[in-house]
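Thank you all for coming. I would like to go through one structure this morning, beginning with the ligand, then turning to the empty spaces, and ending with a sheet.

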Amino acid sequence: MEQIDVGRVELEPLTDSEKHSRQQNNIESNARTYSRTINKLIVSGKGSVVTDAEGLEYLDLLSCAGTLALGHRHGEITQVLKDYLDSDHIMQGLDILTPAKYDFTQQLLSVLPQALREQAKIQFCGPTGADAAEAAIKLLKTATGRRTVFAFHGGYHGMTAGALALTGNLTAKQHVASLMPDVHYFPFPYEYRSPYGVRGEALTSVSLCHIESVLADPESGITKPAAIILEALQGEGGCIPAPKEWLQGLRDICTRYDIPLVLDEVQSGFGRTGQMFAFEEAGIIPDAILMSKAIGGGLPMSVVVYKEKYDKWQPGSHAGTFRGNQMAMVSGCKTMEIIKRDNLCQAAAEKGKYLKDKLLRLQQKYPEIGDVRGRGLMLGIEMIKPDSDNAAADGELAKEIKKTCFLEGLIVETGGRHGAVIRLLPVLTIDYDEINKAVRILEYSIKLALKH
Ligand SMILES: Cc1ncc(COP(=O)(O)O)c(C=O)c1O
């Protein structure tokens with residue numbers, strides 16, 4: 001065998017990040033995702049910035065998939081957690097009442113739209129967004145006695161069997177037989193790639209007409225659902241906002257046909273879109289809301305808030321050992337208090353507009369940016385092959401940009417159809433200098449990726 005002479009090559013010793021990440025990649029599941037790009041040993045974080053073992057800093061525009069509304073290690077959050085640890089209060093409480101739970105519940109009620117607050121019931125769930133989806137579907141099947149559920153193309157509700165059955169993305173479900181049956185999918189009003197070939201008002205009315213025709217037709221083949229579940233602004237599906245007139249129309253259909261409308265605010269909730277909840281832009285009141293991520297102030301927590309009239313299930317119908325995570329209640333309560341106190345919804349709206357305007361300017365310069373969309377600090381940039389038929393989504397380009405961004409000190413994520421959408425979910429406390437820096441790195445990475 002030919003010998004390769006490496007004698008004269010000065011091999012750089014592996015850094016701590018490289019050593020640890022090689023070892024970790026050997027033992028961790030092939031299903032891991034974020035760590036494939038963020039392949040460093042992250043040792044600290046503050047605000048919008050995380051630092052690796054070699055001292056390199058990264059501006060974090062992912063904020064743990066939107067979990068960290070107030071950023072990494074927010075001073076007031078770490079303080080309430082330290083105070084709680086130093087107290088005699090219990091750490092876990094199942095579903096029993098504690099001062100932490102009482103305060104959390106009161107705080108949560110205070111951020112709900114008035115019309116829902118007056119009739120709200122709260123189910124604390126096993127602490128992931130997926131379990132909130134499971135709980136809501138179980139609740140509404142029980143309350144209505146119906147077995148079908150309507151969901152939407154591009155929707156994402158989690159990875160447990162029921163939530164996955166409600167999720168559009170095929171990668172995670174195509175090899176898993178026998179997911180929850182009786183889920184019927186409808187196209188989401190995705191303006192940029194209209195599923196009905198029409199846009200604007202026509203898209204809204206065709207889509208609503210489609211849904212209503214299925215409900216009204218005694219031979220549609222689909223029985224009346226226990227619930228219609230959706231995100232007002234789809235996250236994982238590619239940062240796709242539903243038109244507000246469409247949400248209003250859907251609310252109206254649900255009211256007329258007596259179908260519970262479930263809004264999944266796991267990602268878009270708690271100020272992210274410039275309002276406390278994304279559905280509020282349309283002025284609608286859902287029958288149930290799924291909440292997780294930011295609601296725990298960085299710690300695991302999820303709840304379903306629903307109208308009292310659906311509270312028809314029996315004691316023990318839904319449970320979960322860790323639904324009484326006191327620390328998450330303490331940090332979540334403080335997070336909601338700070339979001340209100342510091343007007344972070346408005347801040348997210350203003351900073352989001354500033355960031356989006358800059359992205360729209362990039363779109364003028366680079367035809368590979370097909371669409372810039374989203375609201376508040378939940379924004380997406382869809383990369384395309386500009387000269388292809390139908391402006392084909394360019395997932396490879398988006399991935400290349402994401403990787404270069406990371407090497408240059410910026411964390412972004414990709415998602416959406418074919419992974420072609422660069423997704424930005426900064427912490428709500430990001431400042432304008434950081435936004436400017438993020439856009440500079442993003443543009444540099446786009447330029448570099450286009451040269452390749
Ligand atoms: C809208 C939405 N619903 C549900 C989930 C599932 O949450 P979890 O990953 O905590 O189960 C997610 C996760 O990203 C989400 O974005």
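An oxygen atom of the ligand is 2.9 Å from an N or O atom in the side chain of Gln-267, and that counts as a polar contact, meaning a pair of N or O atoms within 3.5 Å. Before I go on, please keep in mind that this is a predicted model, in which local features need pLDDT of at least 70 and side-chain atom pairs count only at pLDDT 80 or more, while totals for chains, interfaces and linings use all residues. Residues are numbered from 1 along each chain as its sequence is written, and side-chain values use heavy atoms, with hydrogens and water left out.

Lys-293 also reaches the ligand, with a polar side-chain atom 2.9 Å from a ligand oxygen, whereas Tyr-156 uses a backbone N or O atom, which lies 3.2 Å from a ligand nitrogen. Taken alone, the ligand exposes 390 Å², and the protein buries 83% of that; these areas come from the Shrake-Rupley method with a 1.4 Å probe.

Which residues are around the ligand? Among them are Thr-128, Gly-129, Ala-130, His-157, Gly-158, Glu-231, Glu-236, Asp-264 and Val-266, where being near requires a heavy atom within 4 Å. This shell has three nonpolar, five polar and four charged residues, with Asp, Glu, Lys and Arg counted as charged, Ala, Val, Leu, Ile, Met, Phe, Trp, Tyr, Cys and Pro as nonpolar, and the others, Gly among them, as polar.

Now to the empty spaces, which are found on a 1 Å grid over the protein atoms alone: a cavity is a set of points where a 1.4 Å probe fits but cannot get out, a pocket is an open set with protein on both sides within 12 Å along at least five of seven lines, and lining residues have an atom within 4 Å of a point.

The second largest pocket holds about 360 Å³ of space, and of its 17 lining residues, the closest to the centre are Asp-95, Ile-122, Gln-123, Phe-124 and Tyr-306. Strand S4 gives the largest share of that lining, five residues.

How many cavities of 30 Å³ or more does a search of the whole structure find? The search finds one, and the lining of the largest cavity has nine nonpolar, no polar and no charged residues. Helix H14 (432-451) and helix H12 (344-365) each supply at least two of these lining residues, and H14 has the largest share, three residues.

Leu-410, which is one of the residues lining the largest cavity, brings me to the sheet, since it stands in S15 opposite Leu-59. The open sheet has four strands in the order S1-S2-S3-S15, with mixed pairing, and two strands pair if DSSP finds at least two bridges between them. Its edge strands, S1 (42-46) and S15 (410-411), each pair on one side only, and S3 (residues 57-60) runs parallel to S15, joined by two bridges. Helices (H or I, at least four residues) and strands (E, at least two) are DSSP runs, numbered from the N terminus.

How values were computed: Polar contact = N/O pair within 3.5 Å; in protein donor to acceptor, adjacent residues only side chain to side chain. Points joined across faces, edges and corners; volume = space filled by probe spheres on them.
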